[in-house]
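Subject: Structure handover

Hi,

Here is the structure I promised to pass on. Please open it before reading further.

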Amino acid sequence: MNTVTSKDGTKIAYDKIGSGPAIILVAGAFSYRKFPAQVQLAELLAGRFTVYNYDRRGRGDSGDAACYAVEREIEDLQAIIDEAGGSAYVWGLSSGAVLALQAAASGANITKLALHEPPLVVDPSDRIPPADFTKHVNGLIATDRRAETIKYFMTEGMGAPAFVVTMMRMMPGVWRRLLAVAHTLPYDAALLDGFMEGKPLPQGAWTSVTMPTLVLEGVESPGSLRRGAQALAGVLPNARLLSKKGLGHTKKLNAKIISEELAAYFTGA
């Protein structure tokens, strides 16, 4: 394990494996650098890249601060980019894709960007989280109701059936990992705030994201996720959409297929 110090003094933990051009992996909600699928993806990419797999703040071995702001997470990613030599390829999954996108818009030196199924709700006919979703998530964590937060985030935010949460509670290892990062769910809610309301994406919000960008979606994914990915590819200045079976992330990451597509994209012209 290695650490780097973010702008506000927070220590951010990361693992570094492989050799070649630097690629940084940005996890989504509930994930962290030791999450099995995240480790597998890093190992598969390590044959061609120097992979930086880090814990977002508050997770795993990374530190945290008393107050959260999206800007601090952007600074964390920038600190990893600086550690990687000042520029890097970046892959972000789900809310991690939104973080990577916001970092790119803020001027982070990202050579190529891969945004994997960001959970953007752009169609009013799709399921939309409650209007007070972010406030409610914060309230649950403020009173240390982690189990309730997990259930609420998954069912009301992600649209998962309640029985899925019940099944996870019966899997001690899985449930323990979820509880360990539940207090960071308000961070993911903050990243997604304003982007899950069933409205079209703002046309001019990301005009500065001019680096080559790949938006990935699984053909097996829920329609809401697919429409969000397609809309994002349509508003970014230099993006293309990749639709393929095996790229869905709502059930289980297919690290092999994802690594193959990322390797082809990042090493291509």
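Below are my notes on the sheet, one helix that packs on it, and a pair of helices.

Keep in mind that this is a predicted model.

The sheet first. It is open, with eight strands in the order β1-β2-β4-β3-β5-β6-β7-β8. Pairing is mixed. β1 (2-5) and β8 (239-244) are the edge strands, each pairing on one side only. From one strand to the next, the twist averages 25°.

Look at β3 (residues 22-26) and β5 (residues 88-93). They run parallel and are joined by four bridges. I23 has Y89 in β5 as its bridge partner.

Next, helix α10 (residues 255-267). This helix packs on the sheet and touches β3, β5, β6 (110-116), β7 (213-218) and β8. Its direction makes about 150° with that of β6. α10 has 13 residues and spans 18 Å from first C-alpha to last, close to the 18 Å expected at 1.5 Å a residue. Its buried residues include I257, I258, L262, Y265 and F266. E261 is also buried. The buried residues of α10 pack against α1 (36-45) as well as β3, β5, β6, β7 and β8.

Last, the helix pair. α6 (residues 162-169) packs with α7 (residues 172-181) at about 105°, axes 7 Å apart. The two are therefore roughly perpendicular to each other. From α6, V165, M168 and R169 meet V174, W175 and L178 of α7. The residues of this contact comprise five nonpolar, no polar and one charged.

Best wishes

How values were computed. Residues numbered from 1 in each chain as written. Predicted model: local features only at pLDDT ≥ 70, side-chain atom pairs only at ≥ 80, totals over all residues. Heavy atoms only, no water. Pairing = 2+ DSSP bridges. Axes fitted to C-alpha atoms, helices over the stretch in contact; angles between N-to-C directions. Contact = heavy atoms within 4.5 Å. Expected span 1.5 Å × (residues − 1). Buried < 20%, exposed > 50% of the residue type's maximum accessible area, 1.4 Å probe, protein only. Parallel < 35°, antiparallel > 145°, perpendicular 65-115°, else oblique. Nonpolar A, V, L, I, M, F, W, Y, C, P; charged D, E, K, R; others polar.
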